[in-house]
Amino acid sequence: MSNRPLDGLRVIDLADEKGELAGRILADFGADVVRVEPPGGARSRGIPPFHGDAGLYFAYRNFNKRGITLDLEQESGRERLLELSDRADVLIESFAPGALAELGLAPAALVERNPGLVAVSITDFGQCGPYRDWAATDATLNAIGGMLFKAGIPEKPPLLFPGAVAYDVAGIMGAFASMCALLQRARTGYGQAIDLSALEALAQTTDWSFSNASSVRAKGQVPIELRMGSGPMYTIYACKGGYVRLVILSPRQWRSLRAWMGEPEHLQDPKYESFLGRMEIADALMVAIGDHFSTMTHEEVSFEAQRRGIVCTPVLRPEEVLANEHFRSRDTFLQAEVAPGLAGPVAAGFFEVDGERQGYRRRAPTPGEHDAEIMAEWSAPARPAPAGPEPDPALPLEGLLVLDFGIGGVGVEAGRLFGEYGADVLKIESRTYPDFMRVVMGTEMSGSFASSSRSKRGFGVNLKHDAGREIVHELIRRADVIIENNSTGTMSDLGIGYETVRELNPRCVMTSSQLLGSRGAWADWIGYGPSTQPIGGLVHLWNYTDQDFPAGSGAIFPDHLAGRLCAIGALAGLLRRERSGRGAHSEVAQAEAVTGMLGDWLLKAGLEPGSVGARGNRNDRGAPWGVYPCAGEQKWCVITVRDDSDWRKLRMALGEPEWAMAPEWETAAGRLAARDEIDEKLAEWTSGQSAFDVTAILQMFGAPAAPMYTGTDQIHDAHYQARGYPRWIDQQDLGWIALEGPCFRASRMTDVNLFQAPKLGEHTRDVCRDLLDMDDEAVEKLVAAGTLEVPKD
């Protein structure tokens, strides 16, 4: 039997540009994914980066797929698609809302024909809402999705992410939604239609800006929502010939740094052991640390810091990422065929299952490459109708028990998703080792913790006690999924590593995520999610073109993304368990979440060394393309022109001004050559009006544009509200807070299960009594001994 979790699954992939990673992830896990393209090829084949004639955007997002050409404008093409969909398990599409319905191919109608089909529709804004029909690009979604406002420095425009983050996150969540629906189908026999918003998928994944802004506003205060580069927490320092990111949060880390610096007398005040205390001397401290690092290279600084237990990682250029000894030791990149006759370094895949990489096996198809074999292989009878009655809507993960050992922003986000979609999630921690996001504000509840640990029950247990470990072993015997993102080796040291889990419960699925993975040359390095940005090449690329010092971003990316990848890995294990009866261990290296999101650009760097660097806010796809000033303090909008049609729409929206009528600007080449001049003129126009007015005017003509939103802006926005994205709750120990809502709706799923985050150990007694059948007297003895923990009086 194949070890690939989705072996035997049939997928039709119509996604073009947005969401193409959805099908690729399913293919990585073993599904037979058929990429359907129109005559002449997909639009995404024309999106940069390129190597010669090879489109690397398409190549990277479509490996492991087979290709077929269908003309859906012709009846014969539509009939063939219907025949394929009747035999498919999953269909993924990214047409504009209503476009497939006009062709007689509405996803809901396809599901009606084939009741076992899972049809996932990925659009910019979703199938409903005020902005449903807005023109959009990945860049404009960056703006309105909350990724833009935290990147860059106040003296310059905000910085767009240097990759297709919105559309790729939408693809990742498309894979998650598909797999949830497949698990539900395993129970009921029925598929469903899914409406996924790329905007909401991205907004969920930026960080906690949305929820924290709402909590601050609810208290009558004003949140700080201005970009500050890397900020005081994830600071970048120059060293000899490069840069490093240093993160000092705990007193132990501070004392170790101070010792490294020679125990300066002026740094001995005990108040400096706290982050807030060090903020009082932040400027002077940055100078002192910078001087200390100035004689060492970025790797020398990082190695010595890590040896001392200090969180520090080097800022690597793309070529350094590809040559890095840790990534080489993990086979993060494979030298593989990416187009006929062309080989280069391909990011091997996001996941490992039971030690086997779930990734690259074959290059992306040429247009229609597999027409004949697919027609032959997919000629079997259509899928039979489900035997049972049509079920009522339900949550897809109901009945699962999940043990969440996550901390920070990775494992906890995976647990959050399982809880929202119906699982009983136990948040396991103790006061001697709490989730640091719970206590980051000096109490046992914070807005960030409330966001990522909503929809869970709290279980307090001290795993250093033998009795506590035995209790957790009993929970493992009953569990379906275990989630953890502790430092490498921690779970084994606590007596609950995967080998122990498999002995206790062979059907249990464990999903793990370490900073750099559980194996490799630097596997024992410590850090936080943003510590992976430098190693993965993101800090170097997310910069302005006119400076070398990294501009930085305050976003904690890729924490929330890695959490979603962990959830997908767990779902893959559960789907394999459906046919094999055995559990699995899925692993995601957080640094590989970064390299995976930059895979096409790192591929280009490998094919053309020295060709990939910071691009600021520009894009070789078209001009104008960038972030433009608007009326008001630090107000900005994003405007993008993909092609000549977009240019004509923009020009009409501007009122056909004389400056825009130059005949040489009728072509993309002419506009790219003159983008400085065009940007200057466009900025003059945008700076006189609000970001939303600019957007409204341009959208009337179908030109892609969007305002830059902060967390506060998102809370008040009409589209977010119409889609039900802000979910207000009265969180215990915190007050009113708006939590991030779901990014997809499904025809056979109920609304997400959302309730307030637990106090530490809030449900310990309930779990012991109801799940473990322990009597009250035994429980209270263990509480008194400190083995079990409950909320403070």
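# Exercises on a predicted model

Gln547 is found in the loop between helix H23 (538–541) and H24. The structure is a predicted model, and the exercises below begin from this residue.

## Exercise 1: Gln547 and its surroundings

Task: Work out whether Gln547 is buried, partly exposed or exposed, and establish which residues Gln547 is in contact with once its neighbours within four places in sequence are left aside.

Solution. Begin with the relative accessible area, which is 23% for Gln547. Because buried means under 20% and exposed means over 50%, Gln547 counts as partly exposed. Next, leave aside the neighbours within four places in sequence, and Gln547 is found in contact with Ile153 and Lys156. Finally, set Gln547 against Gln514: the two are 33 residues apart in sequence, and their C-alpha atoms lie 32 Å apart in space.

## Exercise 2: The sheet on which H24 packs

Task: Give the strand order of the open sheet of nine strands, name its edge strands, and state which strands helix H24 touches.

Solution. The order of the nine strands is E15-E14-E21-E20-E19-E16-E17-E18-E28, and the pairing is mixed. At the edges are strand E15 (356–358) and strand E28 (788–789), each of which pairs on one side only. The partner of E28 is strand E18 (residues 457–461), which runs antiparallel to E28 and is joined to it by two bridges; within this pair, Gly460 stands opposite Glu789 in E28. Helix H24 (residues 559–580) packs on the sheet and touches strand E14 (351–353), strand E19 (481–484), strand E20 (509–512) and strand E21 (584–587), with a direction that makes about 160° with that of E20.

## Exercise 3: The sheet of seven strands

Task: Describe the order and edges of the open sheet of seven strands, and then find which helix packs on this sheet and touches E1.

Solution. Reading across the sheet gives the order E5-E2-E1-E6-E7-E8-E27, again with mixed pairing. Strand E5 (65–69) and strand E27 (744–746) are the edge strands, since each pairs on one side only. On average, neighbouring strands of this sheet are turned by 20° against each other, direction ignored. Within the sheet, strand E1 (residues 10–14) pairs with E2 in the parallel sense over four bridges, and Ile12 stands opposite Val34 in E2. Helix H3 (residues 75–86) packs on the sheet, where it touches E1, E5 and strand E6 (90–93), and the direction of H3 makes about 145° with that of E1. Helix H8 (residues 198–205), for its part, lies across strand E7 (118–123) and strand E8 (192–197), running at about 60° to E8.

## Exercise 4: Strand E11

Task: Determine how strand E11 is joined to strand E10, parallel or antiparallel, and sort the residues of E11 by the way they point.

Solution. Strand E10 (residues 242–247) and E11 run antiparallel and are joined by four bridges, with Val247 standing opposite Val311 in E11. In strand E11 (residues 311–314), Val311 and Thr313 point one way, whereas Cys312 and Pro314 point the other way, and all of them are buried.

## Exercise 5: Cavities

Task: State how many cavities of 30 Å³ or more the structure holds, and characterise the largest cavity and the second largest cavity.

Solution. The structure holds five such cavities of 30 Å³ or more. The largest cavity has a volume of about 300 Å³, and of the 24 residues that line it, those closest to its centre are Asp138, Gly163, Ala164, Asn619 and Trp625. Helix H2 (56–61), helix H6 (138–144) and helix H26 (599–607) each supply at least two residues of this lining of the largest cavity, and H6 gives the largest share, three residues. By class, this lining of the largest cavity divides into 11 nonpolar, six polar and seven charged residues.

The second largest cavity holds about 40 Å³ of space. Its lining includes Arg24, Tyr60, Phe350 and Glu592, and helix H25 (residues 590–597) contributes the largest share, three residues. The classes in the lining of the second largest cavity are four nonpolar, four polar and two charged residues.

## Exercise 6: The second largest pocket

Task: Find which residues are closest to the centre of the second largest pocket, and how its lining divides by class.

Solution. The second largest pocket has a volume of about 800 Å³. Of its 36 lining residues, Lys18, Arg43, Ser94, Phe95 and Ala96 are the closest to its centre. Two or more lining residues come from each of strand E2 (32–37) and helix H27 (644–653). The lining of the second largest pocket divides into 16 nonpolar, four polar and 16 charged residues.

Key. Residues numbered from 1 in each chain as written. Predicted model: local features only at pLDDT ≥ 70, side-chain atom pairs only at ≥ 80, totals over all residues. Heavy atoms only, no water. 1 Å grid on protein atoms, 1.4 Å probe; cavity = no way out; pocket = protein on both sides within 12 Å on 5 of 7 lines; lining within 4 Å. Points joined across faces, edges and corners; volume = space filled by probe spheres on them. Nonpolar A, V, L, I, M, F, W, Y, C, P; charged D, E, K, R; others polar. Pairing = 2+ DSSP bridges. Axes fitted to C-alpha atoms, helices over the stretch in contact; angles between N-to-C directions. Contact = heavy atoms within 4.5 Å. Buried < 20%, exposed > 50% of the residue type's maximum accessible area, 1.4 Å probe, protein only.
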